[in-house]
Amino acid sequence: MERTLTGPSMRSAIWAKIGQNLVASIVIGGSVAAGIALAVLAGPAQLINSIVTGGMWALMSVGLALVFGVMNIPHFAHGESFMVGAYVAYFVFTPLHKYLKTNPNAFLSTMAPFIAILAATLVGFVLGVIIEKLIFYPLRRRTRAQWVMNTFLITVGISFIMTNGATLVLGPNFRGIPRYWDVDPIKFLGVRIAFDRIVAFAIAIVTIAAFWFFLHSTQTGRAIRAVAQDEDGAQMVGIDLNFIHSLTFGLATAMAALAGASLLFMFQAYPTVGLKPLYFAWYVVMLVGLGNIGGAIIGGFIVALLQTATQQFIGIAWEDVIPTIVMILVLLLAPSGIFGSEVKGVHEQ
Amino acid sequence: MGIQTNEGQGRKDFSGIWGSFVSALDKIGFSPLGLALLILVAVAPWIPPFNQEHIVRWLIGGAFLAAQAIAFDFTAGYINVVNFGFAAIVGLGAYTSAILANTSPFLIVRIGLPPWIGIFVGALVSGLLGLLLGMLTLRLRGIYAAVMAWFVGIALLGLARNLTPLTRGPLGLHPPTLLSTTSNRPYFYIIFTMMVVTYIVLRMVTKSHIGLAFKALGQNFDAARASGINPTKYRVLNFALSCLFAGWLGGFYAHYYGSLTPKTIMHTSKTVEVLAIAYIGGRGSLWGGVVTAFPFVFFIEYLRSELTELPGLHLVIYGVLMILIMIFYPDGLAGLYRWAVRKLRRDRPS
């Protein structure tokens, strides 16, 4: 053991670990500082807002990290799942809302948004399973050569079809709602927060917690993690890979759709609404390490804080430039993200 | 365009006048069939029905897309790095040239550089960014490099949109055109020449020992590195060269269409168009994208003029074709051609 510790490869591995920890500390420290600066200089409203959006980026990123970790697919159509969720929620909620205007019903008014969000989640799940069965299953049967790059390009194609298909069928119009619940904003720390935001945050937290529980404490969840760690080993102990892959993809799509539906009051539904959430989700998973689900949860909040701070203190022109530079620096020092990535396929060409 | 003859087909008979002609062609990366097709495209603007102005515009669009596909495939098909910010690099070249050519007093840069020089400055700027970006991100592997290029593309788009004193933001620039004529034909020959130059230069590179290193890195990264190829050096070289040509082509775009907005040139969907063309054509062939681009542009422009109430249909078709190719025929058109050549050779007793 001591002998290997002095070897050059071990030494460089230690340096890499130190570099990674250093970068992790800087990024986390930076985002905490950004949070404090926001609270002091721009008022707590900005801070609270970015925490709420952070919850949703976390939800998006967890789905992305899951798909990459289990299936090794760098999912570029994740934003389109968000878009589908937003559309479904809109088309379910609007008629319900209209109906409730003529027939007031207090209970149904409270429940209508949940019905819409639930419908969006279910549609997302089904859509994910269909995509997996229709596209990735045949590809997996054909060849696994160059899998990461090929599936990346295929998801680019899916994203292209879905955004343009949405334009084709639904037109480029914006479809949004002012809010889900007709409730006055709630005062918290002297800040008025819209009720919708609070619910969206609660949904994100509850979903992530439930998902964490599912992954760690149920038979199926453990099977998913087993596949992420070692596909052959998982198959040997009798795990049905096809089932796990479909389930994983369905769950990830459902989570993105859930995010899209919960944020309908912020992001109106239109064909390319998914681009920004996709960008942030990718940003998060690259920052924390591809496929690292636990890291993705924290990363969602870090990125939301840094994003708001950049907008607030540096200006809108550099809004996309600064994060890109930060990302390049992070990846130079910690090539597998600040929390590391232990996914088998990351270093495949 | 040039159908390469140097790939895995050892038997070459270069005797007689025809033979020496073929061998001379082969040196610059053409086969007789490719040259014939190329000449056909070159004379097309004089042959009815292709001599109508709007169809010449389609031909220009085709050549522009084809040239971009060559530059894109040079990276994607050889070192296996998908430059997902390709459109933004094209846009950087276009914007550089357009900003330098500006004479309007409303913008802060008023140099009024002639577009003929500006195009090359734009190419240089794009190439330099490619070099810098490559040095920073190509140490990372596959997917990281692709996503980083995407981030950089988004950053460039954001800059073009928000640095209004320089670019007028979403309103866009109106750079001067290259020529004072209203005819499209001269422009066609400009972009046609640019396309051929792009092809010949990049083909010469891929045929040299550098190209061999590219291929080795693309096919098996670790094996190539183990046999002494410095991966970062060659990948950066390749990436910068591809970006250089991308910026050059962008300059043509700016000074042909005479209008430049961030979204029409730098958006990720533009990258996807080029990517789809290059992959349908066949990666690692360079010419595959050219053969695909012309029929595609005609088909799509036709769809667009016939079905005006269906916006975005052509993009859906791009996407569907791309997925089908990726799953069922990853070699694309070039692969089909190679297969046909092999088949013909085997069937013909020699």
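1. In this predicted model, B:S259 makes contact, once its neighbours within four places in sequence are set aside, with B:L173, B:H174, B:P175, B:Y253 and B:A254. Of these partners, B:H174 deserves a separate remark, since the C-alpha atoms of B:S259 and B:H174 lie 4.5 Å apart in space although the two residues are 85 residues apart in sequence.

2. As to its setting, B:S259 sits in the loop that runs between α11 (231–257) and α12 (262–266) of chain B. Its relative accessible area is 30%, and because partly exposed covers the range between 20% and 50%, B:S259 is classed as partly exposed.

3. Also in chain B, helix α6 (residues 142–162) has 21 residues, which at 1.5 Å a residue should span 30 Å, and the distance of 31 Å between its end C-alpha atoms agrees with that expectation. Of the 21 residues of α6(B), 19 are buried, and the helix is therefore largely enclosed by the rest of the structure.

4. On chain A, attention turns to the surface, where a nonpolar patch is formed by A:I28, A:V32, A:I36, A:V40, A:L41, A:F313, A:I314 and A:W318, which together have about 780 Å² of accessible area. The largest contribution to this nonpolar patch comes from helix α2 (residues 8–41) of chain A, which supplies 5 residues. An α-helix has 3.6 residues a turn, so residues three or four places apart point the same way.

5. Within the patch, A:I28 is a residue of helix α2 of chain A, and its relative accessibility of 33% means that A:I28 counts as partly exposed.

Terms used. Residues are numbered from 1 along each chain as its sequence is written. Chains are lettered from A and ligands numbered from 1 in the order in which they are written. This is a predicted model: local features need pLDDT of at least 70, side-chain atom pairs count only at pLDDT 80 or more; totals for chains, interfaces and linings use all residues. Side-chain values use heavy atoms; hydrogens and water are left out. Helices (H or I, at least four residues) and strands (E, at least two) are DSSP runs, numbered from the N terminus. Buried means under 20% relative accessible area, exposed over 50%, partly exposed in between (1.4 Å probe, protein chains only). Contact means heavy atoms within 4.5 Å. Patches are made of residues with over 30% relative accessible area and no salt bridge: like charges are joined within 9 Å, nonpolar side chains (Val, Leu, Ile, Met, Phe, Trp, Tyr) within 5 Å. Accessible areas come from the Shrake-Rupley method with a 1.4 Å probe; for residues, only the protein chains shown count as cover. A salt bridge is a side-chain nitrogen of Lys or Arg within 4 Å of a carboxyl oxygen of Asp or Glu. The expected span of a helix is 1.5 Å times one less than its number of residues.
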